Amino acid sequence: MERESEELAAWAARVLNRGLLSENREEIRQAFVGWFVRHGGAGSVPAQITSPLDGSDGSETTLVEVEGRHIEVWLLSGREGALTELFELIDRFERTPWLPDPTPQHADPSAGSSEHPARPSEPAVQVSGSTAQRADPTAGSSEHPARPSEPAVQVSGPTAQRTDPSAGSSEHPARPSEPAVQVSGPTAQRADPTAGSSERTAQPSGPTAQSSEHPARPSESTRQVSEPTAAASSGDTVGYYGGNYHGPVVGVLNQHTYAAPPGVFGVPDPVGWPTVEDADLVTMGVRPAGRRWADPGLPPYVPRDIDETLRGWTARDSLLVITGGPLTGKSRTAWEAVVLETDPGTRVYAPASGTDLRGLPALLRGRDGAYVLWLDELEGHLGEHGLTVPLLAELRTLGVPVVATMGDDAYDMHRFEGGPAFRLTALARSERVGAEWSEQEVERLTGLRDDRLGEALDRRGATSVTQYLAIGVELRAQWQRAARSNSRHPYGYLLIRAATDLARCGVTGNIPRRLLEEACRSYRAGRPAGRPDTESFQEAVDWAVRPLHGVTGMLVPGAPLRVGESEETWRPYGSLVADAEQEGARAVPEAVWRCALEGTKYDTGVHLNVRATAHVVFSARAQDGDAGAMHMLSLLSENEATALDWLRRSVDAGKTELAGQVGERLLGQGEAEEALPYLRAAAEAKPDGPQARLVGEAHLALAEQWLRKAVADADMAATHRLGDLLLGRGDLGEAMDHYINAEMAGYAPVARSAAVSFLLSHEEEAAEVLLARAAADGDEGAAELLADLRKPRQSLEDAADYFAGDGRLDTTHRAVVAEKTGFSDEARQGYEQGHAQGDAYAAYRLALLLEEQDDPAEAVLWYRKAADMGHPAARKALAERGEDTATVRE
């Protein structure tokens with residue numbers, strides 16, 4: 001794993017360094033700075049890229065390449081997502097077309113053969129005396145010669161010369177980004193680890209020379225040291241930082257050497273440190289507020305109550321440590337303390353975590369200007385190479401204040417629990433920034449009239465304003481990454497989308513479990529079949545409520561509220577709702593709106609808010625011709641006429657699957673003529689549905705309307721047919737009136753129909769006379785009826801045989817025959833069986849039987865069962881007895 005990380009880091013460094021030469025170098029710089037900040041903290045950003053590369057100060061920008069080890073140390077730290085995001089950066093910038101091609105290569109005719117000759121834009125320099133000149137890196141034979149932009153250096157006495165790292169044969173030449181140095185006398189020279197043997201071993205000469213059994217890693221340059229051969233002036237230093245030289249180089253020597261372990265970086269030249277007015281606060285540790293707002297920069301600083309207590313701190317304290325909980329604004333408050341107490345031109349050094357700070361006093365001693373040491377997340381800058389009490393004392397002598405931030409837990413561990421930096425923290429002045437904001441701080445915030453701050457104040461919930469601004473972008477990224485096809489939390493992604501969409505529908509406050517589950521199902525219902533779910537609803541909730549950075553989860557648990565079988569409630573974190581509301585292009589699905597309308601009846605206020613929100617949303621869409629919005633308005637309307645009007649407009653606008661509903665409502669209002677086109681369209685689209693029957697009923701209604709018009713004109717045939725239609729639907733009285741009128745007018749064909757009505761009225765003699773007339777006139781139907789009339793009356797045994805089949809209603813009918821025969825127990829058993837089979841009439845008949853048996857209490861129970869199944873006579877019976885009429889409709 002270590003080898004792979006080293007290679008990946010070197011690859012990323014090549015992409016970064018190449019990109020820094022392009023016209024879009026600032027975009028690449030910010031992208032990599034963001035990676036360092038997320039996975040190593042603000043102090044992890046290499047000094048080479050901490051400041052913008054736009055040359056805005058008028059000076060020529062000098063680029064110093066970032067080495068792979070700067071990246072590797074944070075890959076090996078094991079931070080979640082570091083590896084994946086680095087691959088994404090490489091993929092994003094390596095193939096971007098605006099990256100410049102490598103500078104054309106021109107071989108040096110005087111040099112040996114090389115596949116990669118030196119670039120003419122970076123001439124080789126060799127040092128003689130106090131000057132440095134690059135040697136030809138292509139001399140000798142090598143498959144992979146050192147890159148000419150970073151030659152090796154050889155120092156002899158006070159003079160430094162870069163040597164050819166490719167001399168001799170080697171399978172593994174020294175990496176060009178880390179030239180080997182060999183020391184002779186008080187000067188240091190990196191030895192060529194590839195010369196002779198291919199093993200990378202350090203072989204010191206002189207009294208310190210010893211053999212090593214462990215070969216040095218390529219990123220750790222080997223050293224050879226011999227006894228001093230020339231005197232050096234005290235206090236001088238040699239520094240060939242980065243390896244880019246364009247002309248004479250003057251080197252001075254120092255006999256102090258600091259050995260840095262892997263991942264520990266040196267201090268860059270203070271001339272390159274950013275000033276207070278130019279510093280990039282994001283690289284200093286201040287978290288960005290996201291890019292959703294029009295202004296992509298940081299929100300204005302809201303003065304905190306502790307700011308006044310910090311005035312003049314530099315005159316009294318050498319080390320200021322701002323402590324606090326996660327994302328409470330420690331870094332921003334600490335920076336404000338720097339701004340208030342220093343000049344804008346003060347240079348600020350913000351080293352990466354693990355940087356060797358021991359040489360800092362020597363770099364600053366004797367320099368003009370003011371300097372500040374900034375240590376965000378102080379715990380990463382402690383130890384023998386970091387900030388110590390003696391180093392703090394030296395910096396105080398030089399007038400260099402130190403500003404640091406530290407989490408509460410880390411500070412308490414060092415300060416009160418015997419941590420390794422307890423002496424240092426005891427000497428520091430510490431001030432704590434709390435998550436809770438005072439009334440005065442809130443007043444100062446509202447006075448700034450900034451949209452980002454106002455939103456944070458309104459939506460922060462139990463978190464602070466600073467936590468809202470910082471955690472919002474992190475929560476959004478966490479949620480969006482869960483949408484990947486190979487995500488471990490597919491249901492979790494759906495859960496947060498459902499919760500935020502319900503909030504957009506107007507579901508204020510906490511969302512009950514039942515409603516949230518139903519909303520999730522509405523999304524999943526229309527989803528095409530894919531891989532099976534690997535996550536349950538509860539697992540999704542457990543993931544979504546897990547606090548990020550110790551602040552909050554995407555889903556926030558709410559107060560218990562019994563809805564259905566659960567009391568659990570949650571609400572989406574406010575920033576996620578705000579993010580969703582900004583996505584105007586993505587509408588909340590209509591199925592979710594229906595869930596919100598149906599599922600919020602547990603709270604009248606919430607339900608009314610959902611309805612009001614829906615009216616606003618769908619009215620605007622309906623005006624633009626949205627058929628779905630028209631349908632939703634029909635569901636929202638409490639006026640039947642208005643609801644039907646929106647439903648018809650919805651169908652006319654293209655939502656034809658609702659045509660059957662329109663036709664049925666029109667038919668119910670007696671508008672059969674208008675209903676027919678809708679019913680026909682519905683029946684043609686779905687022939688096996690109820691629409692075909694409704695088409696027939698519409699025609700019957702039209703038939704009745706036209707027959708009545710003909711009857712009004714004294715058309716006796718129409719009078720006859722109208723009587724048949726009325727008799728067919730059970731309106732015996734009006735049917736007989738029409739038959740009698742036709743008979744009185746001498747219309748003979750009405751005889752059979754009139755006879756049937758007389759039979760139903762038990763007027764058999766009159767019926768027989770009419771049937772005989774009709775039979776004599778050739779009416780075969782009348783002849784059959786006359787024959788049946790002359791048969792003897794059917795016995796109860798014959799009736800029992802008739803209902804002996806397995807029809808759906810036969811059980812109840814057999815029980816009726818048993819009751820008429822006098823077998824009450826058998827009848828009761830049959831009624832109970834019929835009720836179990838779904839026949840409401842069976843329950844009603846059993847209630848009547850129980851009343852005859854003088855058991856009114858149980859009779860009411862069976863009336864209730866029949867009424868609950870929709871039986872009209874049972875409902876009427878309950879109402880007559882003064883029972884609860886909640887389910888009774890006359």
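A residue is termed buried when its relative accessible area is under 20%, exposed when over 50%, and partly exposed in between. These classes are applied below to a predicted model. By this criterion Arg752, with a relative accessible area of 34%, is partly exposed because the value falls between the two limits. Of the 890 residues of the protein, 44% count as buried.

The protein contains 35 helices and 14 strands. Its accessible surface amounts to about 45600 Å², and carbon and sulfur atoms account for 50% of this area. When contacts between residues at least 6 apart in sequence are considered, 63% of them join residues at least 24 apart.

An open sheet is built from five strands, arranged in the order β8-β9-β10-β7-β11 with parallel pairing. The edges are occupied by β8 (347-349) and β11 (429-433); each has a single partner strand, so one side of each is left without a neighbour in the sheet. On average, neighbouring strands of this sheet are turned by 20° against each other, direction ignored. Strand β7 (residues 319-324) runs parallel to β11 and is joined to β11 by five bridges. Within this pair of strands, Ile322 is placed opposite Glu431 of β11. In a regular strand, side chains alternate between the two faces of the sheet.

Two helices were examined with respect to this sheet. Helix α6 (residues 330-341) packs on the sheet and touches β7, β8, β9 (371-375), β10 (402-407) and β11. The direction of α6 makes about 165° with that of β10. Helix α9 (residues 408-416) lies across β7, β10 and β11, and runs at about 105° to β10.

Lys330 belongs to helix α6. This residue is buried yet has no salt bridge. The nearest side chain of opposite charge is that of Glu377, 7.2 Å away; a salt bridge requires a side-chain nitrogen of Lys or Arg within 4 Å of a carboxyl oxygen of Asp or Glu, so a pair at that distance does not qualify. Apart from its neighbours within four places in sequence, Lys330 contacts Ile322, Thr323, Gly324, Gly325, Thr405, Met406 and Gly407. Of these residues, Ile322 is the one described above as standing opposite Glu431 in β11.

Antiparallel pairing is found among strands β12, β13 and β14. Strand β12 (residues 511-512) is joined to β14 (residues 569-572) by two bridges, and the two strands run antiparallel. Here the bridge partner of Pro512 in β14 is Thr569. Strand β13 (residues 555-557) also pairs with β14 in the antiparallel sense, over three bridges. In that pairing, Pro557 has Trp570 of β14 as its bridge partner.

Side chains of opposite charge can pair when their charged atoms come close. The structure holds 38 salt bridges. One of them is formed by Arg708 and Glu734, whose closest N and O atoms are 3.0 Å apart. This pair links distant parts of the chain, since Arg708 lies in helix α24 (residues 691-712) and Glu734 in helix α26 (residues 732-744), 26 residues apart. Arg708 counts as partly exposed at 32% relative accessibility, and Glu734 is likewise partly exposed, with a relative accessible area of 24%. Both residues also take part in a network of salt bridges that links Glu704, Arg708, Arg729 and Glu734.

A salt bridge also connects the side chains of Asp779 and Arg752, at 3.1 Å from N to O. Asp779 is located in the loop between α28 (764-776) and α29 (780-789), whereas Arg752 is in helix α27 (residues 751-760); the pair links distant parts of the chain, 27 residues apart. Asp779 counts as partly exposed at 21% relative accessibility, and Arg752 is partly exposed at 34%.

In a further salt bridge, the closest N and O atoms of Glu819 and Arg845 are 3.1 Å apart. Glu819 lies in helix α31 (residues 810-821) and Arg845 in helix α33 (residues 840-852), so the pair ties together parts that are 26 residues apart in sequence. Glu819 counts as buried at 16% relative accessibility, and Arg845 is buried with a relative accessible area of 17%.

Note on methods. Residues numbered from 1 in each chain as written. Predicted model: local features only at pLDDT ≥ 70, side-chain atom pairs only at ≥ 80, totals over all residues. Heavy atoms only, no water. Pairing = 2+ DSSP bridges. Helix = DSSP H or I, 4+ residues; strand = E, 2+ residues; numbered from the N terminus. Axes fitted to C-alpha atoms, helices over the stretch in contact; angles between N-to-C directions. Contact = heavy atoms within 4.5 Å. Buried < 20%, exposed > 50% of the residue type's maximum accessible area, 1.4 Å probe, protein only. Lys, Arg positive; Asp, Glu negative; His and termini not counted. Areas by Shrake-Rupley, 256 points an atom, 1.4 Å probe, with all protein chains shown as cover.
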